[in-house]
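Subject: Structure handover

Hello,

Here is the structure you will be taking over. Please open it alongside this email.

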Amino acid sequence: MTRLPDHVHTERPWRVHELTGDFRVEDVWAVRTPGAGPDDFSTLLAAMQASAGPAKDPLPSRFLFAVRRRIGALLGWDKPLTGAGDPVPSLRGRLPRDLREAPGRSDAGLAPLASLYELDDECALERATTTVHAVIHLGWAPDGIGGHELRMAVLVKPNGLRGRLYMAAIAPFRRLVVFPALVRQRERAWRDRGRPGAEGGGAAAVGRAVGTHEIPESIRALGSLSRIDYADMFTLSTETNAGTDTDADTDAVTNASAGTGAGACPNASAGAGTGATAELWARALFGDVPDPVERLIWQGLLGLRLSRGRSPGTVAGWRIAERGEDWIRLEAASWFLTGNLVVRAADGQVSLGTFLRYDHPLARAVWPPLSAIHRRLAPGLLRDAAATVRAA
């Protein structure tokens with residue numbers, strides 16, 4: 001995942017320059033596509049399209065977009081424009097004849113942006129609202145090491161002072177959360193193209209249990225909290241010969257606050273062997289240091305006190321409090337809650353348990369909405385960790 005300087009986009013002879021002379025380049029990102037050749041642009045677009053959809057978008061992006069849509073609806077930011085007589089005309093009116101007649105116009109999995117044109121090595125999409133007119137340009141370019149990669153440029157034309165203030169306000173979220181998550185999803189779409197079970201049916205199943213009574217005592221006993229006010233556990237099979245399941249995330253428990261239901265047993269392969277230690281799994285899940293999304297949730301929203309930098313005594317800023325032969329417990333706290341993350345790797349499975357104690361009434365207001373995001377993120381974390389462990 002790499003953010004590139006603006007000139008990487010402006011110095012190439014893209015056709016989009018003919019349409020966007022009055023737009024400014026806001027961001028340029030590289031989407032790595034190992035093994036790609038000069039004729040693989042359409043293959044990547046098809047993979048992006050297949051991996052897109054509201055249920056498949058990166059969770060941090062879905063969370064921020066949901067908040068953004070709610071605010072936009074209240075303030076009237078998102079009235080669509082580019083219709084006849086609108087003050088922001090569509091760029092389709094600027095298209096030369098050859099681009100208007102170009103074949104294929106997919107949204108490349110970037111709806112609600114609408115396609116402007118699609119060629120063998122580039123395409124452009126647009127969306128105009130009362131705040132900003134935006135163009136996403138996707139270009140296929142040599143990566144400098146013998147292959148090709150996708151260059152994704154964000155071009156904008158703010159609509160007045162409100163548009164400029166809006167772009168300034170969302171810049172940190174766009175650059176630290178939304179586009180990094182989007183780039184990772186597109187890179188995963190390239191890696192998984194044509195693989196049975198990629199992005200849906202046949203994907204590795206993740207079993208889940210929510211509520212203290214649904215989690216085995218043997219797992220709860222690995223925590224250190226004097227009282228457990230929230231608990232969940234997600235489990236993924238690491239047996240290389242296990243079968244697959246077309247319902248990837250069997251949510252046997254839907255009411256976290258009630259703590260009812262029963263956890264589902266996984267029966268799908270993560271493709272990783274069982275020789276990895278629990279600490280290796282924990283670092284594959286969360287990294288040695290917290291990434292921007294983890295910092296946003298853990299520090300920004302939960303106020304957890306995390307250590308800085310890499311350390312053999314921490315994982316993503318959480319302190320390694322205790323470990324056993326096949327498990328490890330991470331601990332962190334803020335002024336209103338205390339958390340344990342327990343990772344266990346045994347018997348052909350890896351499990352992630354989250355246990356919280358509410359130390360102040362504020363925790364009961366803050367965590368429940370975030371817990372829904374957490375429960376949706378956890379299966380993907382386990383699958384990505386399995387890929388990391390397999391590669392290691």
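Below is what was found in it, from the whole chain down to single residues.

**Overall**

Please keep in mind that this is a predicted model. The protein has 392 residues, and 50% of them count as buried. Nine helices and 13 strands make up its secondary structure elements. Its accessible surface is about 18,100 Å². Carbon and sulfur atoms hold 54% of that surface. Among contacts with a separation of 6 or more, 67% join residues 24 or more positions apart.

**The cores**

The largest nonpolar core has 42 residues. W281 and F286 have the most contacts inside it. Several elements give two or more residues to this core: β7 (206-210), β8 (230-237), α7 (278-286), β10 (318-323), β11 (327-333), β12 (337-346), β13 (349-358) and α9 (362-391). The most comes from α9, with 10 residues.

Take F286 as a way in. Beyond its neighbours within four places in sequence, F286 is in contact with E294, W298, V315, A316, L330, L341, L352 and L381.

Another core lies apart from this one. That core has 28 residues, including W29, V31, C123 and L125.

**Helix α7 and its partner**

Is α7 mostly covered or mostly open? It is mostly covered, with eight of its nine residues buried. The buried ones are A278, E279, W281, A282, R283, A284, L285 and F286. Just after the helix, G287 takes a positive phi of about 85°.

α7 packs on α9. Their axes are 8 Å apart, at an angle of about 120°. That angle makes α7 oblique to α9. The crossing is right-handed. On the α7 side, W281, A284, L285 and F286 make the contact. On the α9 side, the residues are L381, L382, A385, A386, T388 and V389.

**Helices α2 and α5**

A second helix pair is worth a look. The axes of α2 (residues 41-50) and α5 (residues 160-192) come within 9 Å. They cross at roughly 110°. α2 is therefore roughly perpendicular to α5. This crossing is right-handed. T43, L44, A47 and M48 of α2 meet R186, A189 and W190 of α5.

T33 is in the loop between β2 (24-31) and α2. Its relative accessibility is 3%, so T33 counts as buried. Which residues does T33 touch, not counting those up to four places away in sequence? They are L44, W140, H148, E149, L150 and W190. L44 and W190 also take part in the contact between α2 and α5.

**H374 and D229**

H374 sits in helix α9. H374 is buried because its relative accessible area is 17%, and the cut-off is under 20%. H374 touches Y230, D232, F234, T354 and W367, leaving out residues up to four places away in sequence. From H374 to I297 is 77 residues in sequence. Their C-alpha atoms are 9.6 Å apart in space.

D229 lies in the loop between α6 (217-220) and β8. With 23% relative accessibility, D229 counts as partly exposed. Residues up to four places away aside, D229 touches L356, R357, Y358 and R364. D229 and D359 are 130 residues apart along the chain, yet 9.6 Å separates their C-alpha atoms.

**Two positive phi values**

Most residues other than glycine have a negative phi. Here are two residues to check against that.

A316 is not a glycine, but its phi is positive, at about 55°. A316 lies in the loop between β9 (314-315) and β10. Its relative accessibility is 0%, so A316 counts as buried. A316 is also one of the residues in contact with F286.

D347 is a residue other than glycine too, with a positive phi near 55°. D347 is placed in the loop between β12 and β13. At 68% relative accessibility, D347 counts as exposed.

Where should you begin? I would start with F286, one of the two residues with the most contacts inside the largest nonpolar core. Then follow α7 across to α9, which gives the most to that core.

Best wishes

Definitions and conventions: Residues are numbered from 1 along each chain as its sequence is written. This is a predicted model: local features need pLDDT of at least 70, side-chain atom pairs count only at pLDDT 80 or more; totals for chains, interfaces and linings use all residues. Side-chain values use heavy atoms; hydrogens and water are left out. Helices (H or I, at least four residues) and strands (E, at least two) are DSSP runs, numbered from the N terminus. Buried means under 20% relative accessible area, exposed over 50%, partly exposed in between (1.4 Å probe, protein chains only). Contact means heavy atoms within 4.5 Å. Accessible areas come from the Shrake-Rupley method with a 1.4 Å probe; for residues, only the protein chains shown count as cover. A nonpolar core is a set of buried Ala, Val, Leu, Ile, Met, Phe, Trp, Tyr and Cys residues joined through side-chain atoms within 4.5 Å. Axes are lines fitted to C-alpha atoms, for helices over the stretch in contact, and angles run from 0 to 180 degrees between N-to-C directions. Angles under 35 degrees count as roughly parallel, over 145 as roughly antiparallel, 65 to 115 as roughly perpendicular and the rest as oblique. A crossing is left-handed if the near helix is turned anticlockwise from the far one by less than a right angle, and right-handed if clockwise.
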